[in-house]
Amino acid sequence: MNADLHRRAEVLIDLDAIRHNIALLAERAAASGAATMAVVKADGYGHGAVPVARAAVDGGATWLGTCSLAEALDLRAAGVTVRLLSWLDSDDVDFAPGIEQGVDLAASSMGELSRIAAAASRTGARARVHLKIDTGLNRNGCPPESWPQLVKAAAAESDVDVVAIWSHLACADEPGHPSIDLQAARFDTAYSQAREAGLNPLRHLANSAATLTRPDLHFDLVRPGIAGYGLNPVSTDDDLRPAMTFRSTVVLTKRIAAGESVSYGHTWTASRDTTLALVPAGYADGVPRTLSGRMSVWLGGMRRPVVGRVCMDQIVVDCGDDEPPVGADVVLFGAGAEGGPTAREWADTIGTIDYEIVTGMYRPRVHRRYLGGAGR
Ligand SMILES: *Cc1c(COP(=O)(O)O)cnc(C)c1O
């Protein structure tokens, strides 16, 4: 799709905001002696992995984290040279290209460890492995009862360097939740067992929420994702700046009479004569249809309600007796600095989290434009 012909709806990504956020997080981490891994999985949470990666490195990240090996290799192909960790693939992934490109790999089981070791011996290079202990999320990671066997096997693998042990928190976004300390205690036990097996690994545990609220859990490396994009999972008053703005423009205005109804199903009826503005962004562009009747946009220096159903390609804004010019800027969500709508507000309205809103903005029909970070 020719991106330049698809500016009806676009996301603006402020790379200076990302650099600023990562610098803030990296400063926190450095105060506890930890390095910073910016998590850029899922195409940089919908912001674009490569530009985000560069901005994050500029901001002080010395590691980047991806979910899949393919995501990590895309970064390498784009010339990103910092340490990369990829952590979750299907069992048929070929680890060899990752090992050759110096991508650190996660292992949660004997099976994963031996597939990584086999790939390493095929390539002739050593694999850099982060062993993952499940401390209570009960998702991926090695269960504690199998851990002693995993660390012993890893220590005995001649083609594998164990770089780190790591885990992931279930409830870090609820500071004070008892599971956090329980997971930290299990992590300590896992570390002791790794040391007993003869390993001397780094440790990492903290996501954004723990980076912001639990300096005692920073260990050697923190792994913030969402906070780097300026969204705060713990609502602290830290100066995080949302990097993504979703905008469009007015393409048509019209006057309708009181009693006329708007959009499919006629769910909204004008109670007075009013002016409607048509905005060419709909659910195919990332506006959840479940926001129908429950959203407003920033248009002409104020909030205005979106009326009637959100359609596939368009929404309709009630402008009262104002008549915005065709081409007027419409912000669907953004940093919210002037009181405009935010991704968080969308999430709260429809019962999800802002992670899902921004990650869902990676769509071929929505143009992506970068601000700041010039020349890189
Ligand atoms: C996504 C992810 C993170 C980042 O989490 P945030 O809540 O976005 O900071 C960290 N570690 C792992 C293993 C993840 O999957």
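The pockets and the annotated active-site residues of a predicted model are described here. Local features need pLDDT of at least 70 and side-chain atom pairs count only at pLDDT 80 or more, whereas totals for chains, interfaces and linings use all residues. Residues are numbered from 1 along each chain as its sequence is written, and side-chain values use heavy atoms, without hydrogens and water.

The largest pocket (an open set of points on a 1 Å grid over the protein atoms alone, where a 1.4 Å probe fits, with protein on both sides within 12 Å along at least five of seven lines) has a volume, taken as the space filled by probe spheres set on the points, of about 810 Å³. Its lining (residues with an atom within 4 Å of a point) comprises 36 residues, and Lys-41, Tyr-45, His-168, Asn-207 and Tyr-355 lie nearest the centre.

The second largest pocket holds about 210 Å³ and is lined by 13 residues. Those nearest its centre are Lys-254, Val-262, Leu-276, Leu-278 and Val-316.

An unreviewed UniProt entry places the feature "active site" at Lys-41 and Tyr-264. The two span 224 residues in sequence and their C-alpha atoms are 36.7 Å apart, so they do not gather at one spot. Of these residues, Lys-41 is included in the lining of the largest pocket. Lys-41 is partly exposed at 26% relative accessibility, whereas Tyr-264 is exposed at 60% (buried, under 20%; exposed, over 50%; partly exposed, in between; 1.4 Å probe, protein chains only). Beyond neighbours within four places in sequence, Tyr-264 is in contact (heavy atoms within 4.5 Å) with Arg-309 and Cys-311, and Lys-41 with Gly-65, Thr-66, Cys-67, Glu-71 and Trp-87.

Technical notes:
UniProt positions are given in the numbering used here, feature names are shortened, and annotations may be inferred rather than shown by experiment.
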